[in-house]
Amino acid sequence: MTTPDLTLTMLGTTSSGKTTFLLGMYDILSTGVHGYFTFTEDPDQGVDLRDAWDLLVDEGELPPPNVADSSKYYRFVFNHGFTPLVTIDWMDYRGGALDDRKDSGADVSELRTRLERSDSIYLVLDGGSVAVWLDDPSKLAVIHKRLKVQAMSSQVLQAVTNRKKSGLPNPSLAVLITKADLLRGPDRSVGQALAKVVEGLPQLLPVVWAEGVTTFVCPVKVGDFGANSTGVVDVSTIDPVGLHRPLIFSLMHYLSEGLGAHEAQLARATAGHSETEQQIATLSQGFRAYFRGRQVIQLRGVADSYWQAIAAGQRDIRSDQDLITQLSQELAGHPIIRDGKLEL
Ligand SMILES: Nc1nc2c(ncn2[C@@H]2O[C@H](COP(=O)(O)OP(=O)(O)OP(=O)(O)O)[C@@H](O)[C@H]2O)c(=O)[nH]1
Ligand SMILES: [Mg+2]
């Protein structure tokens with residue numbers, strides 16, 4: 001089985017926590033979680049990511065904000081044990097590129113074209129802003145502006161439309177509520193806050209309720225840094241939560257979408273096999289059968305290759321199904337919205 005290549009893109013405002021999430025996610029997945037591992041194709045990139053994470057864990061130093069036109073690109077390999085499942089193409093850029101004009105920097109067009117080839121798009125909602133809306137739902141319009149919901153939605157709609165024109169399937173979406181420590185309120189736990197967010201998502205981020213998309217909702221946290229952490233945090237507050245899940249979801253969605261195509265391929269091979277067997281049976285009947293030996297041998301070869309394709313297809317489908325079941329265990333209890341309906 002060849003390893004699929006996934007392109008993932010995060011959409012989120014400046015300071016919404018994209019880079020910190022990436023560092024924490026890489027730390028967890030490069031150590032390994034429940035048998036899943038990630039490493040960078042270029043080992044030097046792994047060293048850079050680890051150095052930046054070590055700086056946070058040892059000195060409390062947060063990563064600096066990304067600046068225009070110095071986006072960083074990473075290629076990750078995502079394994080289950082020693083089996084590579086997928087390679088991942090990732091871009092870490094400044095959140096400002098989300099709604100800037102094209103002439104403000106090359107990263108703006110880069111982001112737009114990249115979205116069209118993204119298999120999965122992460123919509124990043126800063127937990128601090130989400131908490132303000134939970135405290136006072138009448139502030140919805142202000143929070144939409146702060147989270148740049150309009151810009152995110154337009155980018156998603158544009159990407160989906162252009163992918164459709166190229167015959168590509170819809171990307172999966174994940175709503176990442178970063179800084180989940182800030183969701184907690186005087187009379188609500190993080191879990192209760194999340195339930196409220198999911199209930200209010202049709203108002204907060206209507207695009208995820210659109211027909212034809214599947215969205216995973218996931219709170220993530222790197223640490224309990226409070227609301228106004230600046231460059232340096234107390235290292236004892238580092239407490240990563242949920243950072244591996246969005247990637248697991250993207251892969252699971254990609255594999256589930258691929259199952260349909262595998263099944264169609266299998267059905268074609270099965271039909272081809274039975275048609276060839278029928279031709280062989282017809283050729284092998286009656287007196288003239290003795291003169292058709294060479295044709296029958298040729299057709300036997302065709303039937304055998306169909307047979308091999310069937311066996312390989314069945315194996316691929318079985319292993320994908322097993323993997324999807326395993327991956328789904330990692331996401332248990334997290335809300336998924338499919339075609340505008342909430343599934344838990
Ligand atoms: N409370 C809390 N704050 C966080 C957490 N993760 C990140 N932050 C804060 O958010 C700030 C911005 O995080 P970044 O990861 O740099 O944000 P970004 O989205 O990459 O920003 P740009 O590069 O400017 O687009 C950090 O400096 C921290 O102060 C978290 O888990 N909890
Ligand atoms: Mg950043």
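The following questions and answers concern a predicted model and the terms used to describe it. Residues are numbered from 1 along each chain as its sequence is written, and chains are lettered from A and ligands numbered from 1 in the order in which they are written. Local features need pLDDT of at least 70 and side-chain atom pairs count only at pLDDT 80 or more, while totals for chains, interfaces and linings use all residues.

Q: What makes the protein one of two domains?
A: Domain bounds come from an automatic or database domain assignment. The protein is divided into domain 1 (5–256) and domain 2 (262–330). The contact between them takes 7 residues from domain 1 and 6 from domain 2, where contact means C-beta atoms, placed from the backbone, within 7 Å.

Q: Why are K18, T19 and T20 said to be around ligand 1?
A: A residue is near a molecule if its C-beta atom, placed from the backbone, lies within 6 Å of it. There are 24 such residues, and K18, T19, T20, P65 and G95 come nearest.

Q: What makes I177 a member of the largest nonpolar core?
A: A nonpolar core is a set of buried Ala, Val, Leu, Ile, Met, Phe, Trp, Tyr and Cys residues joined through C-beta atoms within 7 Å; buried means 20 or more other C-beta atoms within 10 Å of a residue's own. I177 is among those of the 76 core residues that touch the most other members. Beyond its neighbours within four places in sequence, I177 is in contact with residues including L125, V130 and V220.

Conventions: Contact = placed C-beta atoms within 7 Å. Buried ≥ 20, exposed ≤ 12 C-beta atoms within 10 Å, placed from the backbone.
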